[in-house]
Amino acid sequence: MPTTPASTADVSSNRAAAPIMLELVDENGATIGTAEKLSAHVPPGRLHRAFSVFLFDGSGRLLIQQRALGKYHSPGVWSNTCCGHPYPGEAPLAAAARRTAEELGVSPSMLSEAGTVRYNHPDPASGLVEQEYNHLFVGLVRAEPKPDPEEVGETAFVTAEELARLHGERPFSSWFMTVLDAARPAIRELTGPSAGW
């Protein structure tokens, strides 16, 4: 399982100084307002819109990432290809494609909706909580990732079997299994039965 470290040469020089706003939603996913990103994650948390992306190579291997150590929330843990939050009014699909390019330097060659999942996951390490209405996306990636080191520590392409082993050996995000399990039907449709997802 070769991994790709992030390169400092890929750091974006334009970092937003303004507070990042999230879209608050009700239990049905309807928008009810906005909140600043960090405040939405302070316990007990405020339900907000999020997305999770699962990209696969031509062999049916999943691209996973280790979150950068400098991140304020869940640093250093492994997780799915990309996850984040749409800006208020931004379509989740557009946000998923945007953040995948920003974090990993790749554009999916295909990206399709894979349902939604609602969860409440505290993060004991940071003391924050994920109260999210999460839009799931699956797709294909053809290019080698070029991660932004401020976002991603390293990346790896893993088979279902390798992922099961790694999940027992390394720390993963608190939400990882929830979003993976919710996306499995779409993942199986995308990768086929031989990939083992």
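User: Why is the sulfur of cysteine 82 not in a bond with the closest cysteine sulfur?

Analyst: A disulfide is a pair of cysteine sulfur atoms within 2.5 Å. The closest cysteine sulfur to that of cysteine 82 is in cysteine 83, 6.3 Å away, so it is too far for a bond. The structure holds 0 disulfides. This is a predicted model: local features need pLDDT of at least 70, side-chain atom pairs count only at pLDDT 80 or more, and totals for chains, interfaces and linings use all residues. Residues are numbered from 1 along each chain as its sequence is written, and side-chain values use heavy atoms, with hydrogens and water left out.

User: What makes cysteine 82 count as buried?

Analyst: Buried means under 20% relative accessible area, exposed over 50%, partly exposed in between (1.4 Å probe, protein chains only). Cysteine 82 has 0% relative accessibility, so it counts as buried. Cysteine 83 is buried too, at 15%.

User: How do you know that the buried residues of helix 3 line one face?

Analyst: Helices are DSSP runs (H or I, at least four residues), as strands are (E, at least two), numbered from the N terminus. Ala160, Leu163 and Leu166 are buried in helix 3. The arc uses directions from the helix axis to the C-beta atoms. The buried residues fall within an arc of 120°, so they line one face. On the other side, Glu161, Ala164, Gly168 and Glu169 are exposed.

User: What covers the buried residues of helix 3?

Analyst: The cover includes strand 5, strand 10 and helix 4. Contact here means heavy atoms within 4.5 Å.
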